[in-house]
Amino acid sequence: MNSKILVTGGNGQLGNELRRLCKNYPGLEFIFTDVDMLDITNPDAVSVFMEASKPAIVVNCAAFTDVDGAEDDVKNARKINALAPQVLAAACAMQNSFLIHISTDYVFDGNSSVPYNEEDSTNPISVYGSSKLEGEEKIKTVFDDYVIIRTSWMYSEFGHNFMRKMISLGKERDELKVVNDQFGSPTYARDLANCIIDIIIKSILNPQAYLPGIYHYANQGSCSWYEFAKEIFEIEGIKCKLIPISSAEYPTKAKRPPYSVLNTTRVREAFGIGIPNWRDSLKECLSTKR
Ligand SMILES: NC(=O)c1ccc[n+]([C@@H]2O[C@H](COP(=O)([O-])OP(=O)(O)OC[C@H]3O[C@@H](n4cnc5c(N)ncnc54)[C@H](OP(=O)(O)O)[C@@H]3O)[C@@H](O)[C@H]2O)c1
């Protein structure tokens, strides 16, 4: 059986976690690429690469993830988050490959007060959210052999993320103001990487159990950014004083949903996976990085 897996955006947070985990799965053959090796916005390059490598599965971790930057660079955000997924889906359809694509909680407007289900109406309030939603929609127009995983507030020891930013600012400053009226679920990229490998093994490589569609994956429990920062400082022993503020007191280019907690029942039941609580995963991540 072909168990070749092409990972795009392999130098990002999620790509790096997949890279680390893949060593535990010698039966799966991973090919990691990033923009220098495979620019997913280039249809010819994608088609040539796919034709040459013939992967059974493509995991698209590549994205334009600068939420504020996307407001000023709509063209590139759309190119990477909306058009490239369509290019990948078309190449997958040509090669009979499956596509696992990662999307975001920011496809929702945040006006809910209960965790979002996969069927809930989307209504992005930022360029980033709109471009990611467009990417989902474009994949659906090409074929049905996809798993789209929406996740939220991702962090890891790699790259740019809230956890790393708080640690670095907390060590420099005596006090720090953090928004306390946006709620979501911090998600450890390694947990999501484990989920992706579970989906590959339990579903895609097992045609009898193949379960395409949209899934929500986030660590269990929820908090505000302020509460997230507080937990980071407690675990790390950082003495910087945290001051809770409102979103109105911290204007950003892009609007963020005030509530973007995801209901993860579907992914847990479909693939029989447990999802750790965000506090436990944060401790795990911070102990790994030492
Ligand atoms: N981070 C979060 O909080 C969060 C939350 C919800 C959903 N997500 C989604 O989760 C997925 C993974 O996010 P992440 O945090 O791991 O992202 P990330 O760390 O920003 O990594 C994205 C990677 O994609 C690469 N890339 C950009 N343009 C590309 C192109 N044209 N061709 C190939 N590669 C390209 C980037 O390279 P360069 O760095 O060189 O540009 C980077 O290595 C994304 O789909 C994101 O939208 C993330």
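**Helix α4 and its surroundings**

Let me start with helix α4, residues 74-95, whose 22 residues should span 32 Å at 1.5 Å a residue, and since its end C-alpha atoms are 31 Å apart, the two values agree; the expected span here is 1.5 Å times one less than the number of residues. Helices (H or I, at least four residues) and strands (E, at least two) are DSSP runs, numbered from the N terminus.

Before going on, I should say that this is a predicted model, in which local features need pLDDT of at least 70 and side-chain atom pairs count only at pLDDT 80 or more, while totals for chains, interfaces and linings use all residues. Residues are numbered from 1 along each chain as its sequence is written.

Where does α4 bend? The bend, of about 35°, is at leucine 83, with proline 85 following within four residues; the angle is taken between axes fitted to the seven residues ending at a position and the seven starting there. Just after α4, asparagine 96 takes a positive phi of about 55°.

The buried residues of α4 include Ala77, Ile80, Ala84, Pro85 and Leu88, where buried means 20 or more other C-beta atoms within 10 Å of the residue's own, exposed means 12 or fewer, and partly exposed lies in between, with C-beta atoms placed from the backbone. Those buried residues pack against α2 (43-53), β3 (57-60), α3 (69-72), β4 (98-104), α5 (127-142) and β5 (146-151), a contact being two C-beta atoms, placed from the backbone, within 7 Å.

Strand β4 comes up again at the ligand, because a residue is counted as near a molecule if its C-beta atom, placed from the backbone, lies within 6 Å of it, and both α1 (13-21) and β4 supply at least two residues of that shell. Of the 24 residues around the ligand, those that come nearest are Gly9, Gly12, Gln13, Ala62 and Ala63.

Turning to strand β1, residues 4-8, four of its five residues are buried. Four bridges join β1 to the parallel strand β2, residues 29-32, and leucine 6 stands opposite isoleucine 31 in β2; pairing requires that DSSP finds at least two bridges between the strands.

Finally, lysine 230 is found in helix α8, residues 225-236, and counts as partly exposed because it has 17 C-beta neighbours inside 10 Å. Its C-alpha atom is separated by 39 Å from that of leucine 38, and the two residues are 192 residues apart along the chain.
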